[in-house]
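Let's walk through this fold together, starting with one helix and working outwards. Please keep the 3D view open as you read.

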Amino acid sequence: MRNWIQTFSIIDFISVGILLTAISMNAIRRLESCVKAYMLNSWLLSLLIAIIAFMINETHLYVAAVTTFLSKGMLIPLFMKRIVRQIKITHDVDPYISNSLSLVISGILVAVVYASLREGVFVTGVSKNALQISVAVILIGLLIMITRRKAITQIIGLLFMENGLFLAGFSMTFGMPTIIELGVLFDLLMGVIILGFFAVQIRKAFMSSDLDKLTVLKG
């Protein structure tokens, strides 16, 4: 089974899936679809960790895979869907740049990352491509944050960045100790709850979740 995983580059295929789900955010306008893209991204991340745990037979990685699936793949998406229903907005309209331009920029970012990290970087991790893909996901998450107007999509962009950071750390260190990973996931969960609460309050106060409305608060 382990040889089969290595022979068919299963880890690289899953890593590419993580990258594609991040890129797909640039073509999605429907908010619930954005949440589903993040959920699928987190499922693939959990699956990757579980496969690595199986390959090297590390118990703490099984724990990391399960906690990642439950927190990022289940709890956070369910909470985000509830926030989407509360703010009563179905689509992210009028982003700062068009979807097609976002896709082009995402492609350029991926190309730049692969060109920059192609040589001179030695990764003692699970896959040669995992580091490049993790950096690309971080940059795409940042792109989503700075090109979308709605608070909810900016939160999702931040979550994609966090998944990219998690994959980068995991690809180089085979994961942190369980207690640290649990602490990070707890902080992430609390952060999402607080940001979701702010998104709902912004919607109630300004009848919109467009963060540009906050400019009226300037003195």
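The expected span of a helix is 1.5 Å times one less than its number of residues. Keep that rule at hand for helix α4, in what is a predicted model. With 29 residues at 1.5 Å a residue, α4 should span 42 Å, and its end C-alpha atoms lie 41 Å apart, so the two values agree.

Now follow α4 along its path, from residue 59 to residue 87. At I76 the helix bends by about 30 degrees, and a proline, P77, follows within four residues. Just after α4 comes K88, where phi is positive, near 55 degrees.

What about the partner of this helix? Two packed helices are described by the angle between their axes and the distance between those axes. Helix α3, residues 31-56, packs with α4 at an angle of about 175 degrees, and their axes are 8 Å apart. Angles over 145 degrees count as roughly antiparallel, and α3 and α4 are therefore roughly antiparallel to each other. Sorted by class, the residues in their contact are 23 nonpolar, 4 polar and 5 charged.

Finally, step back to the chain that holds this pair. How many helices and strands does the chain have? There are 8 helices and 0 strands, and reading along the sequence gives the pattern α-α-α-α-α-α-α-α. Of the chain's 219 residues, 47% count as buried. Take the contacts between residues at least 6 apart in sequence: 78% of these join residues at least 24 apart.

Key:
Residues are numbered from 1 along each chain as its sequence is written. This is a predicted model: local features need pLDDT of at least 70, side-chain atom pairs count only at pLDDT 80 or more; totals for chains, interfaces and linings use all residues. Side-chain values use heavy atoms; hydrogens and water are left out. Axes are lines fitted to C-alpha atoms, for helices over the stretch in contact, and angles run from 0 to 180 degrees between N-to-C directions. Helices (H or I, at least four residues) and strands (E, at least two) are DSSP runs, numbered from the N terminus. Angles under 35 degrees count as roughly parallel, over 145 as roughly antiparallel, 65 to 115 as roughly perpendicular and the rest as oblique. Ala, Val, Leu, Ile, Met, Phe, Trp, Tyr, Cys and Pro count as nonpolar, Asp, Glu, Lys and Arg as charged, and the others, Gly among them, as polar. The bend at a residue is the angle between axes fitted to the seven residues ending there and the seven starting there. Buried means under 20% relative accessible area, exposed over 50%, partly exposed in between (1.4 Å probe, protein chains only). Contact means heavy atoms within 4.5 Å.
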